[in-house]
Amino acid sequence: MSELTELYQETILEHNKNPRNFREIEDPDKTALGNNPLCGDALQVYVKMEGDKVGDVAFKGSGCAISKASASMMTQAVKGKTRDEADKLFNEFHRMVTGELDIETEENDLGRLKAFSGVLEFPARVKCASLSWHTLNAALHGEDEITTE
């Protein structure tokens with residue numbers, strides 16, 4: 001196993017064990033429910049906007065280590081970003097986990113989110129990694145619920 005792969009695994013495990021922004025936001029501007037019935041992952045994303053920027057973002061729910069770690073790192077990545085910047089990260093993340101973005105050769109702003117590039121090798125886990133992102137996207141665009149199957 002390469003050092004980078006090992007570091008990515010440690011990052012995912014750390015965020016699963018100690019998820020960041022794992023809480024509700026009082027009086028959120030936007031919220032959405034996400035559900036993956038095949039895996040059992042279910043979460044709610046809360047967003048508080050400051051103008052066009054994500055002032056605060058948090059999540060609550062239950063799921064596997066990949067799902068929880070992805071939601072944790074997502075909240076850190078989009079906090080303070082504009083809606084357009086959050087949309088760009090969503091698109092890059094989705095393209096990465098589905099194999100449409102080569103993180104080694106194509107320019108991207110994923111940073112530590114590259115830890116999830118390995119889920120591509122496990123197709124059943126792609127939805128685990130992307131559920132929180134789809135749920136955030138739904139919240140930012142006025143949808144109340146997203147289900148992935």
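**Pocket, cavity and strands of a predicted model**

Modeller: Helix α1 (residues 3-17) supplies the largest share of the lining of the largest pocket, namely four residues. This is a predicted model, in which local features need pLDDT of at least 70 and side-chain atom pairs count only at pLDDT 80 or more, while totals for chains, interfaces and linings use all residues. Residues are numbered from 1 along each chain as its sequence is written, and side-chain values use heavy atoms, with hydrogens and water left out.

Colleague: What makes a stretch of chain a helix or a strand here?

Modeller: Both are DSSP runs numbered from the N terminus: a helix is a run of H or I of at least four residues, and a strand is a run of E of at least two.

Colleague: How is a pocket told apart from a cavity?

Modeller: Rolling a probe the size of a water molecule over the atoms shows where empty space is left. On a 1 Å grid over the protein atoms alone, a cavity is a set of points where a 1.4 Å probe fits but cannot get out, whereas a pocket is an open set with protein on both sides within 12 Å along at least five of seven lines; a lining residue has an atom within 4 Å of a point.

Colleague: What is the volume of the largest pocket?

Modeller: The largest pocket has a volume of about 320 Å³. Its lining has 14 residues, of which Gln9, Ala115, Gly118, Val119 and Phe122 are the closest to its centre. Volume here is the space filled by probe spheres set on the grid points, which are joined across faces, edges and corners.

Colleague: How many residues of each class line the largest pocket?

Modeller: Eight are nonpolar, four polar and two charged. Ala, Val, Leu, Ile, Met, Phe, Trp, Tyr, Cys and Pro count as nonpolar, Asp, Glu, Lys and Arg as charged, and the others, Gly among them, as polar.

Colleague: Which residues line the largest cavity?

Modeller: The structure holds one cavity of 30 Å³ or more, and the largest cavity encloses about 50 Å³. Its lining is formed by Ala42, Leu43, Phe59, Gly61, Ser62, Gly63, Ser67, Lys68 and Ala71. At least two lining residues come from each of β2, β3 (53-62) and α2. By class, four are nonpolar, four polar and one charged.

Colleague: Why is Ser72 called buried?

Modeller: Buried means under 20% relative accessible area, exposed over 50%, and partly exposed in between, with a 1.4 Å probe and protein chains only. Ser72 has a value of 0% and is therefore buried. Ser72 belongs to helix α2 (residues 65-78).

Colleague: What makes the link between Ser72 and His15 a polar contact?

Modeller: The term requires a pair of N or O atoms within 3.5 Å; within protein, one must be able to donate a hydrogen and the other to accept it, and residues adjacent in sequence count only if both atoms are side-chain atoms. The side chains of Ser72 and His15 are joined at 2.7 Å, so the distance satisfies the limit. Beyond residues up to four places away in sequence, Ser72 touches His15, Pro19, Arg20 and Phe59, where contact means heavy atoms within 4.5 Å.

Colleague: How do you know that β1 and β2 pair?

Modeller: Two strands pair if DSSP finds at least two bridges between them. Strand β1 (residues 30-36) and strand β2 (residues 41-50) have seven, in the antiparallel sense, so they pair. One of the bridges joins Thr31 to Tyr46 in β2. β2 and β3 likewise pair in the antiparallel sense, over nine bridges, and Val45 has Phe59 as its bridge partner in β3.

Colleague: Which residue has a positive phi in the hairpin of β2 and β3?

Modeller: Gly51 does, with phi near 70°, in a hairpin with two residues between the strands. In the hairpin of β1 and β2, with four residues between the strands, Gly40 has a positive phi near 95°.

Colleague: Why is Asp52 called partly exposed?

Modeller: Its relative accessible area is 40%, which lies between the two limits, so Asp52 is partly exposed. Asp52 sits in the loop between β2 and β3. Leaving aside neighbours within four places in sequence, Asp52 contacts Lys81, Thr82 and Arg83.

Colleague: Is Asp27 buried or exposed?

Modeller: Asp27 has a relative accessible area of 57%, over the upper limit, and is therefore exposed. Asn21, at 15%, is under the lower limit and is therefore buried. The loop between α1 and β1 holds Asn21 and also Asp27. Neither is a glycine, yet phi is positive at about 60° in Asn21 and near 50° in Asp27.
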